[in-house]
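Colleague: Could we go through this model together? I'd like to hear the reasoning behind each label.

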Amino acid sequence: MSKKTFYITTPIYYPSGKLHIGHSYTTVAADAMARYKRLQGYDVMFLTGTDEHGQKIQRVAAENNMTPKEYVDNIVDGIKKLWSLMKITNDKFIRTTDEYHIETVQKIFKTLYDKGDIYKSEYEGLYCTPCESFWTETQLVDGKCPDCGRDVEKTREESYFFRLSKYQGRLIKLLEENPEFIQPSSRRNEMLNNFLRPGLEDLCVSRTSFNWGIPVTFDDKHVVYVWIDALSNYITALGYLSGNDENFKKYWPADVHLVGKEIVRFHTIIWPAMLMALDLPLPKQVFGHGWLVLEGGKMSKSKGNVVDPVVLIDKYGLDAIRYFLLREVPFGADGVFSNEALINRINSDLANDLGNLISRTTAMIKKYFEGIIPQEREKGEFDEELRSFVVSTKTRTEEYLDKLQFSSALTEIWKSISRTNKYIDETMPWALAKEEENKARLAQVMYNLAESIRIISVLIQPFMPETPEIIWRQLAIPENQRTWDSAGIWGIYQQSDAVTTGEIIFPRIDLKKEMEALSALTSTENQSQAPAAPKKTVDEKPEGIALIGIDDFAKVDLRVVKVISCEKVEKSDKLLKLKLECGTEEKQVVSGIAKYYTPEEMVGKTLILVANLKPVKLRGIESQGMILAASNNDKLVLVTVDKDIPTGSKVS
Ligand code: MSP
């Protein structure tokens with residue numbers, strides 16, 4: 001019998017800049033779900049990717065003196081690296097610049113045109129470039145884009161239109177008759193009351209004012225509207241209308257599209273209408289999750305909090321970050337992200353509850369039995385309570401996971417951890433260990449603890465890709481005792497080797513010290529007293545240079561970077577402000593090289609950055625490092641590398 005399939009998608013990301021921790025929210029959630037379904041035995045297709053066309057990308061690329069494709073190639077590379085760092089297990093990564101996607105979108109557009117669902121007319125309206133959205137006068141809020149609050153532009157042009165209005169009745173019926181189609185249900189009411197019932201207008205689906213998009217095959221001054229292009233990815237990735245549509249037949253319709261709340265409208269109105277027009281089945285569910293924001297502002301305007309996922313993972317470990325994202329806020333609601341909340345969670349849930357349980361248990365098994373729990377065991381008080389609680393956790397966890405309630409699912413697992421910790425206090429192994437006659441009872445207590453931990457280690461797998469392996473190693477749990485089903489059965493644990501105590505999985509963090517360290521990383525306020533001149537590059541020659549050891553040199557973090565943009569610093573004839581791509585990060589550096597290089601010739605250059613210099617403010621502009629240059633009296637040349645290598649690579 002063939003396996004049941006499960007198709008889950010994330011939105012495809014705009015490669016318009018660096019991703020912050022909020023961006024990884026949808027992807028981490030989708031990954032947890034994909035891992036969970038695979039563990040349950042499903043044949044999973046997990047899709048993510050990038051949404052690379054549109055006026056915004058064309059503009060940013062031009063500002064950086066690059067072709068749009070050069071520009072997106074760079075950023076997409078960083079996005080892929082981030083997902084691999086976060087151990088995201090997507091089965092496919094689609095780029096809307098992939099040839100097969102372009103061809104299928106063209107076929108979709110033509111099919112809809114031939115059917116009469118797309119027609120030519122003239123568009124006059126208001127366009128928000130950052131959101132790639134058209135608005136009517138009445139939809140504006142205080143004259144601005146209702147989604148992002150920015151200015152809109154009046155546009156008039158010949159355009160193709162999609163007959164969205166034709167599908168209004170069917171869409172209302174869809175939402176009314178299938179309460180599960182949009183989750184959480186509050187978002188369903190919003191779609192019905194704010195958009196569908198007031199009436200749908202036909203949608204402008206082509207543009208002529210820029211050309212970074214998929215050309216309409218039968219009228220090539222038009223490019224396809226980005227949302228038609230982007231939404232189609234969910235079926236083009238499966239080979240729809242291509243020579244090989246096996247995956248399309250196997251996985252479509254999607255089980256769930258995970259999306260942020262601001263793009264629910266596109267996924268529950270435009271997308272189903274497109275599918276209806278193509279006579280295709282509709283996705284089973286669109287889940288609109290909330291946003292992670294910083295207190296008093298957006299992630300992208302981060303002040304005082306580290307929001308770079310790469311830095312956070314480096315500091316606290318991947319599992320801690322993934323745990324926090326999925327545990328802190330109920331999926332669906334908005335939540336506040338702060339470094340303090342993250343550290344508190346790590347200390348209480350990970351270091352205290354889970355970490356302690358494992359280190360206490362392994363230490364006791366080692367101390368009392370040299371790592372091997374004896375077979376002679378004696379049942380006793382509290383055993384049955386522990387067993388029945390822990391063994392039923394799997395069902396409760398699954399009930400929540402099936403509804404994408406990650407936080408509640410984790411809460412259930414953590415209740416088991418607390419119950420097991422309580423069992424240690426109840427049975428007091430240290431007291432049992434005092435009498436030889438209690439040995440069999442002590443052995444049973446140790447076994448029960450190990451068995452609880454085994455079950456917990458199986459259940460945390462969807463959320464944490466690294467911790468289970470460490471637990472299995474320390475408790476010598478063989479592979480056949482780690483299956484998902486085995487988490488619902490008590491008494492499976494049989495160690496394959498002696499238990500070992502090893503690394504502390506989640507070390508406790510000193511909140512005060514850590515907050516100080518983080519604020520030094522992010523703060524710019526107290527840097528204003530720092531030297532106001534750029535690093536001397538030309539006229540300062542050291543008299544004599546002391547020898548240093550390799551350790552001293554290792555303190556300097558040198559990285560390969562690429563200049564994304566560059567401009568003169570106002571009222572200064574020495575300084576240039578550079579935006580640099582450094583792996584998945586973006587750095588801003590103010591450099592005293594304006595006499596030697598023009599901003600135009602800087603863009604695209606590969607340079608070497610001293611990446612761990614304390615930030616300073618130069619003319620009020622933060623400089624996050626220094627680029628290396630060689631100089632000799634009145635000559636200055638920048639240091640670069642002699643072959644192509646990705647940005648972010650370490651120089652040593
Ligand atoms: N390109 C479109 C999606 C097209 S899908 C056919 C897009 N891209 S995006 O890069 O702007 O956003 C990708 C996802 O990241 C969205 O689901 C968005 O909600 C999510 N997030 C971006 N910032 C976020 C937070 N601060 N918090 C939680 N998720 C947020 O939209």
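Colleague: Which charged end sits over the ring of Tyr127, and how do you know that?

Modeller: The charged end of Arg207 does, at 4.1 Å from the ring centre. The cut-off is 6 Å for CZ of Arg, along with a limit of 35 degrees from the ring normal. Bear in mind that this is a predicted model. Lys37 is placed in a similar way over the face of Tyr42, 4.4 Å from the ring centre.

Colleague: Happy with that. What makes the Trp252 and Trp271 pair edge-to-face?

Modeller: Two values are needed, since a pair of aromatic rings is described by the distance of the centres and the angle of the planes. By the rule for such pairs, the count comes to 24. For Trp252 and Trp271 the centres are 6.0 Å apart, within the 6.5 Å limit, and the planes meet at 75°, over 60, so the pair is edge-to-face. The pair links distant parts of the chain, 19 residues apart: Trp252 is in the loop between helix H9 and S11, and Trp271 is in helix H10.

Colleague: Are Trp252 and Trp271 buried or exposed, and why?

Modeller: Buried means under 20% relative accessible area. Trp252 has 7%, so Trp252 is buried. Trp271 has 0%, so the label buried applies to Trp271 as well.

Colleague: And why is the pair of Tyr447 and Tyr493 called tilted?

Modeller: Their centres are 5.9 Å apart and their planes are at 40°. That angle is neither under 30 degrees nor over 60, so the pair counts as tilted. Tyr447 lies in helix H18 and Tyr493 in the loop between helix H19 and helix H20, so the pair ties together parts that are 46 residues apart in sequence. Both Tyr447 and Tyr493 are buried.

Colleague: Which residues form one aromatic cluster?

Modeller: Tyr7, Tyr234, Tyr240, Phe248, Tyr251, Trp252 and Trp271.

Colleague: Now the ligand. How do you know that Glu262 makes a polar contact with an oxygen atom of the ligand?

Modeller: A polar side-chain atom of Glu262 is 3.0 Å from that oxygen, and the cut-off is 3.5 Å, so the pair counts. Nitrogen atoms of the ligand also meet polar backbone atoms, at 2.8 Å for Ile12 and 3.2 Å for Gly22. The protein buries 94% of the 670 Å² that the ligand exposes when taken alone.

Colleague: What is the shell around the ligand like by class?

Modeller: The shell has 14 nonpolar, nine polar and two charged residues. Of the 25 residues there, Ile12, Asp51, Gly260, Glu262 and Leu292 come nearest.

Definitions and conventions:
Residues are numbered from 1 along each chain as its sequence is written. This is a predicted model: local features need pLDDT of at least 70, side-chain atom pairs count only at pLDDT 80 or more; totals for chains, interfaces and linings use all residues. Side-chain values use heavy atoms; hydrogens and water are left out. A residue is near a molecule or strand if one of its heavy atoms lies within 4 Å of it. A polar contact is a pair of N or O atoms within 3.5 Å; within protein, one must be able to donate a hydrogen and the other to accept it, and residues adjacent in sequence count only if both atoms are side-chain atoms. Accessible areas come from the Shrake-Rupley method with a 1.4 Å probe; for residues, only the protein chains shown count as cover. Ala, Val, Leu, Ile, Met, Phe, Trp, Tyr, Cys and Pro count as nonpolar, Asp, Glu, Lys and Arg as charged, and the others, Gly among them, as polar. Helices (H or I, at least four residues) and strands (E, at least two) are DSSP runs, numbered from the N terminus. Buried means under 20% relative accessible area, exposed over 50%, partly exposed in between (1.4 Å probe, protein chains only).
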